[in-house]
Amino acid sequence: MGIIKQRQSYFSKLLFVLYGIFASFLECSLKLPILCGVSMLPLFTAIGEKSVKALIKKLAPFLSAYDITKTLFVIEIYKELDFPRVISVFIGFVAAAALAFLLLASQVLCLSLYPRISSEKQYDIIKLSLLFCLSEWLCEKAGFFSFPWLGVWAQSDGADTLMISASLLGCRFTSFIILLGNGMVYLILKSAQCQKKISYIKISAAYLSLAIAVFICGSLEISLLKEQAEDSESTNVLIVQLDSEGDEKNQLSAGEAAKKYIELIDKNKQSSTKYVFLPETAVNSVFSSNSADFVDLIKCAKRNDVTIFTGCLFEEEGSRYNSIAAISPDSKGIRIYSKSRLVPFGEYIPLTNSGLCSSCYDTEVYHLGDLTLASGICVESIYSESFRSQVQSGANLIFIPTNDSWFGSTYARYAHFLHSKIRAVENSRFVVRAGNCGISAIISPWGEETVMCNSKDAAAVSGIVSLIESKSSYTVLGDIFILAPLLLALASVAKALRNHLHHK
């Protein structure tokens with residue numbers, strides 16, 4: 001009998017591991033939102049657990065597989081490191097393990113609060129859902145250790161009426177809706193197993209009501225946004241990308257890159273095009289209006305009567321920054337934004353002075369006529385607060401240049417793109433994303449790719465963006481939704497202190 005139970009335990013753990021991998025790929029690469037209603041079921045097997053140890057023991061296989069799968073792509077960084085191969089591979093594995101640990105630590109910390117507030121009743125699914133959302137939020141607020149890579153919200157990709165809920169209270173609210181739906185499905189399955197007909201009917205009705213409410217509210221919000229887009233000022237933009245990545249990009253001189261971009265601009269620019277957007281470090285040299293690397297680009301802007309936004313480097317008082325420069329037809333060009341969140345070992349080496357510097361000014365916007373531009377470079381797209389602050393300051397368009405070449409052919413290339421989509425939805429703004437070797441796209445405020453280049457070829461895509469001025473609920477209120485799980489966490493801590501004092 002003991003052997004049978006042990007085998008059942010091993011099988012259960014294996015099933016949870018496989019489920020964690022499945023849930024992770026639903027976030028990373030599988031555009032199957034129909035499955036998001038059953039993606040996180042193992043989480044709710046913790047309902048009724050009164051011991052932190054028992055809860056962690058039960059969920060560890062699922063959560064570990066879920067986090068490790070999401071971060072394995074980081075191993076690819078070894079190809080970009082200037083170290084011997086063995087050391088580079090080792091650093092890649094350590095980096096992937098460290099990021100997975102940070103995600104897991106946040107989840108364990110938040111979920112460990114549950115046993116103290118467990119009531120072993122149906123609405124415990126709300127508590128578990130809120131605490132898991134709190135763990136996603138903490139990943140963004142962990143300072144130097146922050147890494148909010150994806151989240152349950154990413155499973156809504158392809159279901160615009162579900163993803164649009166992020167415009168109300170942020171992407172963590174979308175995660176909550178998906179988790180709540182999973183909890184209801186778990187209770188339905190449990191009621192069916194226990195043959196509780198009344199509970200089965202009640203929970204099924206609640207689940208159906210949630211699904212209908214999400215669909216109706218989402219459809220109305222999308223319809224409203226489309227009306228606002230039609231009534232707003234609009235402009236035609238061009239996005240240009242090259243086909244060189246990795247070592248090819250490093251070997252391409254700044255001058256050669258500039259000439260290739262100019263050829264594509266001249267070839268694809270339309271008469272109505274006003275703005276041209278290039279990727280991160282498109283011209284990989286220090287910006288100067290007198291530099292040979294930028295003179296031709298300045299002439300191109302004047303010849304085509306367009307403003308070119310290009311990724312480049314910028315030096316100031318001995319410090320070098322990863323920046324965006326605006327080159328307009330009537331000026332020689334100015335820096336409009338410098339990156340504030342850098343990639344460890346990619347853009348700088350921690351605890352040293354080597355590499356690029358981070359900017360302290362990450363909420364400034366750029367004004368040009370009707371255009372007020374919010375910006376975030378590459379990895380900054382995974383952080384919501386900077387974009388929200390810029391849109392609060394009046395930005396009516398978001399620009400995200402990126403260089404995803406170090407992702408190689410991993411699922412992370414598309415996963416990173418999903419962050420640009422959720423930033424568009426959260427702030428009800430069109431997003432222009434220019435990716436070196438893709439993914440380049442114009443993303444609507446309801447999460448639709450109005451134009452998109454998913455290939456790694458040299459290409460240019462153009463389209464119309466609306467400069468919406470009204471602000472979403474999330475832009476105005478921020479992460480107010482997180483107050484709910486924070487109050488739950490405080491209630492758990494308060495109960496623990498009260499029990500401790502009582503036992504004294």
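Hi everyone, let's start with a helix pair: H2 passes H3 in a right-handed crossing. Keep in mind that this is a predicted model. The two helices, H2 and H3, pack at an angle of about 145°, and their axes are 9 Å apart.

Who makes that contact? On the H2 side we have Leu55, Ile56, Leu59, Leu63, Ser64, Tyr66, Asp67, Ile68, Lys70 and Thr71. H3 answers with Ala96, Leu99, Ala100, Leu103, Leu104, Gln107, Val108 and Leu111. Sorted by class, the contact of H2 with H3 has 13 nonpolar, 3 polar and 2 charged residues.

Now let's look at H3 itself. Helix H3 covers residues 85-111, which makes 27 residues. From first C-alpha to last, H3 reaches 39 Å, close to the 39 Å expected at 1.5 Å a residue. Its buried residues include Ser88, Ile91, Gly92, Ala95 and Cys110, and also Ala96, Leu99, Ala100, Leu103, Gln107 and Leu111, which we just met in the contact with H2.

And which helices do the buried residues of H3 pack against? They pack against H2 (52-71), H4 (114-117) and H5 (124-138).

That brings me to my last stop, the loop between H4 and H5, where serine 118 lies. Is serine 118 buried or exposed? Its relative accessibility is 6%, so serine 118 counts as buried. Leaving aside residues up to four places away in sequence, serine 118 touches Gly48, Glu49, Lys50, Asp124 and Lys127. With one of these, aspartate 124, the serine 118 side chain shares a side-chain polar contact of 3.4 Å.

Thanks, all, and I'm happy to take questions!

Terms used
Residues numbered from 1 in each chain as written. Predicted model: local features only at pLDDT ≥ 70, side-chain atom pairs only at ≥ 80, totals over all residues. Heavy atoms only, no water. Helix = DSSP H or I, 4+ residues; strand = E, 2+ residues; numbered from the N terminus. Expected span 1.5 Å × (residues − 1). Buried < 20%, exposed > 50% of the residue type's maximum accessible area, 1.4 Å probe, protein only. Contact = heavy atoms within 4.5 Å. Polar contact = N/O pair within 3.5 Å; in protein donor to acceptor, adjacent residues only side chain to side chain. Axes fitted to C-alpha atoms, helices over the stretch in contact; angles between N-to-C directions. Left-handed = near helix turned anticlockwise from the far one by under 90°. Nonpolar A, V, L, I, M, F, W, Y, C, P; charged D, E, K, R; others polar.
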